[in-house]
Amino acid sequence: MPGSTDSSTKTMGVLTVGGLVAVTAYTVALGSNGWLWFGWVVLGLITLGMVATGST
C-alpha cells in the first residue's frame with residue numbers, strides 16, 4: 001500500500017537516526033572518525049533502499 005511502511009522499515013529508520021546521533025556525539029567528544037561516517041552513510045543508503053522498494 002503506497003504511503004505505508006512496515007515495522008522493519010521503521011526500525012531501520014530509528015536505527016539510522018540513532019546512528020547519526022551516536023556518530024555525531026562521538027565526533028564532538030573524540031574527533032572525527034571516517035569509518036564511522038562511512039558506516040552511517042551505508043546504513044542510511046540501506047534504509048533509503050528499503051523505503052524505496054517498500055520493503056516487500
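This note follows two threonines and a neighbouring isoleucine through a predicted model.

1. Start with threonine 16, which is found in helix H1, the helix covering residues 7-30. Its relative accessible area is 10%, and because buried means under 20%, threonine 16 counts as buried.

2. The partners of threonine 16 are worth tracing in the structure: once its neighbours within four places in sequence are left aside, threonine 16 is in contact with Trp40, Leu43, Gly44 and Thr47. With one of these, threonine 47, there is also a polar contact of 2.6 Å between the two side chains.

3. Threonine 47 itself lies in helix H2, and at 9% relative accessibility threonine 47 counts as buried. Not counting residues up to four places away in sequence, threonine 47 touches Met12, Gly13 and Thr16.

4. The side chain of threonine 47 has a further polar link, since it reaches the backbone oxygen of leucine 43 at 2.9 Å. Please look also at threonine 11, which is 36 residues from threonine 47 in sequence, while the two C-alpha atoms are 9.4 Å apart in space.

5. Is isoleucine 46, placed in helix H2 (residues 34-53), buried or partly exposed? Isoleucine 46 counts as partly exposed, because its relative accessibility is 43%, and partly exposed covers values between the 20% and 50% limits.

6. Isoleucine 46 also belongs to a nonpolar patch on the surface, which it forms with Trp35, Phe38 and Val42. Together these residues have about 460 Å² of accessible area.

Terms used: Residues are numbered from 1 along each chain as its sequence is written. This is a predicted model: local features need pLDDT of at least 70, side-chain atom pairs count only at pLDDT 80 or more; totals for chains, interfaces and linings use all residues. Side-chain values use heavy atoms; hydrogens and water are left out. Helices (H or I, at least four residues) and strands (E, at least two) are DSSP runs, numbered from the N terminus. Buried means under 20% relative accessible area, exposed over 50%, partly exposed in between (1.4 Å probe, protein chains only). A polar contact is a pair of N or O atoms within 3.5 Å; within protein, one must be able to donate a hydrogen and the other to accept it, and residues adjacent in sequence count only if both atoms are side-chain atoms. Contact means heavy atoms within 4.5 Å. Patches are made of residues with over 30% relative accessible area and no salt bridge: like charges are joined within 9 Å, nonpolar side chains (Val, Leu, Ile, Met, Phe, Trp, Tyr) within 5 Å. Accessible areas come from the Shrake-Rupley method with a 1.4 Å probe; for residues, only the protein chains shown count as cover. A salt bridge is a side-chain nitrogen of Lys or Arg within 4 Å of a carboxyl oxygen of Asp or Glu.
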